[in-house]
Amino acid sequence: MIELRTPVKAELVDPLEEWFNELIRCSWGLTADPTGTKFELFGYFDDAATAQAAWKELRAAFKQLPEKPAETSLDDRDWKEAYKAHLRPWTAGDLHWVPVWLRDEYPLPAGHTRLLFDAGMAFGTGDHPTTRLMAMRLLDFRTTRGPKNFAAARVVDAGCGSGILALSAALLGCKDVFAFDRDPEAVTVSRENLIANEMSANAIECVNAGIEAALKNRRADLLLANIQADVLSIHADDLAAAIAPGGTLAMSGILAAEVDDVRAAFEPVLTSAWKYDVPDELEKFGDSRVMGDWCDLVFQRPTSNI
């Protein structure tokens with residue numbers, strides 16, 4: 001295993017994150033020091049040739065990066081320990097995401113729910129604001145629906161990565177959870193995380209598919225789409241059609257600077273498909289929360305529209 005690592009300037013962090021978010025499978029990551037002022041770019045690769053090719057591609061997009069990063073050869077043990085250093089527990093309400101190797105070290109409050117996870121090489125460590133924003137929307141949906149209706153709800157995790165959102169929904173009590181990702185590695189990791197949590201094999205359905213194929217003839221009461229702004233906009237029709245009357249479409253992978261563009265893309269679609277009454281001021285169209293430089297965008301389909 002080859003590790004590449006280099007310091008990066010603060011102004012590169014957001015563009016790099018946006019670029020990484022567009023990759024089907026990402027071997028890159030970013031860390032910040034405790035002050036949030038110093039940043040480091042890192043990447044892990046199977047061999048030196050793959051690492052050098054990846055750096056060449058990245059530097060072609062970001063010429064401000066140095067010509068050569070620090071390169072370290074890691075054995076399996078070193079790689080596993082380095083990888084673990086970038087994954088940390090996270091909590092929202094009574095939901096706790098815990099790296100599987102911290103299983104016996106993390107104290108879980110009584111009555112709370114714990115998801116054990118290992119992202120492997122799939123996108124979705126739970127450490128990114130886009131994933132956390134969707135987890136908060138999942139908890140909001142559960143509160144609004146109540147335990148009985150939440151258990152019966154149809155939840156879809158679009159672009160599931162490591163399956164962290166789909167598995168959270170199932171662990172919280174939802175009985176009908178469907179997840180998909182166009183990266184086959186994501187499906188493999190999601191199923192491994194299901195086993196790590198000692199869940200039944202049918203707790204979630206997880207398939208390798210793109211948006212159009214996965215959502216064809218499917219209806220969801222809650223659709224969590226943590227993808228990216230341009231893909232969400234392109235597939236506005238598919239996403240809107242998959243929401244049942246009274247259902248919720250929650251999307252992330254959107255930079256705060258992009259949210260108005262996504263709103264504009266969904267305005268004609270929801271006006272037509274849902275008979276949605278779009279307010280005169282576009283910025284009031286859809287509920288949005290901001291976390292750092294990222295945000296989500298949520299639309300509620302009217303119950304009366306079929």
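This is a short talk through the sheets, the nonpolar cores and one buried arginine in a predicted model.

Okay, hi everyone. Keep in mind as we go that this is a predicted model.

Let's start with a sheet. It's an open one with 4 strands, and the order across it is β2-β3-β1-β4, paired antiparallel. At the edges sit β2, residues 28-32, and β4, residues 70-73, and each of those pairs on one side only. Neighbouring strands here are turned by 25° against each other on average, if you ignore direction. If sheets are new to you: strands of a sheet pair through backbone hydrogen bonds, either parallel or antiparallel. Now look at β1, residues 2-8, which is joined to β4 by 4 bridges, running antiparallel. One place to find on your screen is Arg5, which stands opposite Ala70 in β4.

Next, jump to strand β14, residues 294-300. How many of its 7 residues are buried? The count is 6, so call this strand mostly covered. Which strands pair with β14? One is β12, residues 243-255, which pairs with β14 in the antiparallel sense over 6 bridges. Within that pairing, Thr248 stands opposite Gln300. Another is the little strand β13, residues 290-291, also antiparallel to β14, with 2 bridges. There, Val290 has Cys295 as its bridge partner. β13 and β14 form a hairpin with 2 residues between the strands, and Gly292 in that hairpin takes a positive phi near 65°.

Now for the insides. The largest nonpolar core has 35 residues, and Trp97, Leu138, Leu165, Val177, Ile204 and Leu224 have the most contacts inside it. Several elements give two or more residues to this core, including the helices α4 (129-152), α5 (164-171) and α6 (184-196), and strands such as β9 (176-181) and β11 (220-226). Take Leu224: beyond its neighbours within four places in sequence, the residues in contact with it include Met134, Leu138, Val156, Leu165 and Ala250. Apart from that core there's another one, of 34 residues, and among them are Ile243, Val269, Trp274 and Phe285.

Last stop: Arg263, in helix α10, residues 259-273. Is Arg263 buried or exposed? It's buried, because its relative accessible area is 6%, and the cut-off for buried is under 20%. So what is around Arg263? Leaving aside neighbours within four places in sequence, Arg263 is in contact with Leu282, Glu283, Phe285, Gly286, Ser288 and Leu297. You've met Phe285 already, in the core of 34 residues.

That's my tour, thanks!

Notes
Residues numbered from 1 in each chain as written. Predicted model: local features only at pLDDT ≥ 70, side-chain atom pairs only at ≥ 80, totals over all residues. Heavy atoms only, no water. Buried < 20%, exposed > 50% of the residue type's maximum accessible area, 1.4 Å probe, protein only. Contact = heavy atoms within 4.5 Å. Pairing = 2+ DSSP bridges. Axes fitted to C-alpha atoms, helices over the stretch in contact; angles between N-to-C directions. Core = buried A, V, L, I, M, F, W, Y, C linked by side-chain atoms within 4.5 Å.
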